[in-house]
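I opened this notebook to record what I looked up in one protein structure. My entries go from sheet to sheet and end with a single side chain.

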Amino acid sequence: MAPLLDTPIVPLSSLPVQQPPFTPPEELPTVLVSNNAVFPERRQGPGTIIISPHSGKIINVFPEIIPSSRFPVGTQYTDYSPKYLMPGLVDAHVHLNEPGWRTEWEGFETGTRAAAFGGVTTVIDMPLNAIPPTTTVENLNTKLKAAEGQCWVDVGFYGGVIPGNEEELIPLVNAGVRGFKCFLIQSGVEEFPSVTSADVAKAMEKLKDSSTTLMFHAEMIPPLSMSMGDLVLHGDPPLVPTGPLNAYKTFLESRPRAFETYAIEQILALAPHAPDLQLHIVHLSAAEGVSLLKKAHAAGIKLSAETCFHYLTLAAEDIKDGDTRHKCCPPIREGSNREFLWDALKDGTITTVVSDHSPCTPDLKMLSKTGGSGDFFQAWGGVSTVGLGLSVLWTEGSQRNVDLPTMAEWISWNTAKQVGLLGTKGAIAEGYDADICVFDPEAEFTVTTKDLHFKNKMTAYEGKELRGRVCETWLRGRRIYSLDGGFEKGGPQGELLLKGQV
């Protein structure tokens, strides 16, 4: 026990800290306690978290519950037992789509509000679907201007790699982007075309000495493929459909696992161009990709991978014909494939879980139940998930003996590390931002549209029974959402997180 606890807690300046104190002695702290707190290295137990309201930083963490009587009169003190205090989620893959006309699909205010509802305190916005895409510093500045004053949670940004923009990459690094994304297959939006191996080699040459990450949408059509399903998000049906275009089986067969494995093999072949550059596979779906990741790790190639909530929780055999809410690329595969992804997370081959929140307006989903054609090939691809991820993951993970500290590593610590935010985000630890998710693992609820705070109220999870619910979300020491009280009246408090300027 710390010597401090032998006497009543007095001025905050007397508390032992590993860094210079963040709170002036005259300021009363905010104190959150629970008999279930989640700490780094998958530790769980009683905890007292002492926060500076002035800086929004965690200034002390004690592995026990310190009673309120030990703190000065007037201290804001809340005991959340038996609920869990978890680090706020860092969702490292979200499409917010603003600015431009696709803001009617999603925007900074609605997307980040949905994130806050689900305990997410930081999102990283993808470079495409907004117009203009984040492929130049000028375009990044346009996006930053659009985001100002709208964000309920903190937001970082990725840059994009497209043919011919290799000279823009280092300026984007210097401007603060947290990585780069490219497509090895058509993206589905004309302003963000796919890249060739030659384009990737040029990007690697430019970025090889940078502390950034080059990320890949890893699907490619192998040579002599029987499939012509070469548009990622929407487009013409395969040359020879295997069945009705509104049948999920037809769509799944048009995007076989070989699309992913061939793309990963091409990435491994290109890796020697930049051996020190961190490479990353976004939204891995095919189980066969796991063995290729292990091969890369054994060879010392710096290649990491993420998967998504929907790949871990949904299964192809359960998707009804015409229910295009489930369309995404790579596709949701069979339940047997799903178990290999869980195993890869457990053994550390896959390190992060993200939402890949990619919404659109109802007409573009062409849902058969609302009068659309239900055509999986013409419908926009993307599963709307932001704000539901922790409940979705816990519902399935708890059935596989995965505990909350392990999940926190996948969705907070590792995602923060991926985007260069470890040290400020992703953990309940001294010196970190006081980003806290209060989670009740025993609560159960059925997903309805009132639980959907993103702009267009469509999700593959509607009507599903979920276990575990976010009760409160704290951003930098301030509560921004509670299940009982809703969103705080102070409005959006999120900051824009440019690398090197946090």
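The entries below follow the order in which I examined this predicted model.

**Entry 1: an open sheet.** I began with the strand order. Four strands, in the order E6-E7-E8-E19, form an open sheet with parallel pairing. I then asked why one side of strand E6 (89-94) and of strand E19 (496-497) has no neighbour in the sheet. Both stand at the edges and have a single partner strand each, so one side of each is left free of a neighbour in the sheet. I reminded myself that strands of a sheet pair through backbone hydrogen bonds, either parallel or antiparallel.

**Entry 2: the pair E6 and E7.** I looked up how E6 meets strand E7 (residues 120-125), and found parallel pairing over 4 bridges. In this pair, Leu89 stands opposite Val120 in E7. I also noted helix H1 (residues 108-117), which lies across E7 and strand E8 (154-157). H1 runs at about 140° to E7.

**Entry 3: strand E11.** I turned next to strand E11 (residues 213-217) and its partners. With strand E10 (residues 180-183), E11 runs parallel, joined by 4 bridges, and Lys181 stands opposite Met215 in E11. E11 also pairs with strand E12 (residues 278-281), again in the parallel sense over 4 bridges. Here Thr213 stands opposite Gln278 in E12. I traced the connection as well: E10, helix H4 (residues 197-207) and E11 make a right-handed β-α-β unit.

**Entry 4: the faces of E11.** Is E11 mostly covered or mostly open? I found it mostly covered, with 5 of its 5 residues buried. In a regular strand the side chains alternate between the two faces of the sheet. I therefore listed each side of E11 separately: Thr213, Met215 and His217 are buried on one side, and Leu214 and Phe216 are buried on the other.

**Entry 5: helix H11 and Arg400.** I recorded that helix H11 is mostly covered, with 9 of its 9 residues buried. Among them are Trp394 and Glu396. Arg400 lies in the loop between H11 (389-397) and helix H12 (404-418). Why does Arg400 count as buried? Its relative accessibility is 14%, and buried means under 20%. The side chain of Arg400 makes a polar contact with the side chain of Glu396, at 2.8 Å. Leaving aside residues up to four places away in sequence, I noted that Arg400 touches Arg338, Glu339, Trp342 and Lys346.

Conventions
Residues are numbered from 1 along each chain as its sequence is written. This is a predicted model: local features need pLDDT of at least 70, side-chain atom pairs count only at pLDDT 80 or more; totals for chains, interfaces and linings use all residues. Side-chain values use heavy atoms; hydrogens and water are left out. Helices (H or I, at least four residues) and strands (E, at least two) are DSSP runs, numbered from the N terminus. Buried means under 20% relative accessible area, exposed over 50%, partly exposed in between (1.4 Å probe, protein chains only). A polar contact is a pair of N or O atoms within 3.5 Å; within protein, one must be able to donate a hydrogen and the other to accept it, and residues adjacent in sequence count only if both atoms are side-chain atoms. Contact means heavy atoms within 4.5 Å. Two strands pair if DSSP finds at least two bridges between them. Axes are lines fitted to C-alpha atoms, for helices over the stretch in contact, and angles run from 0 to 180 degrees between N-to-C directions. A crossover is right-handed if, with the strands pointing away from the viewer, the path from the first strand over the helix to the second runs clockwise.
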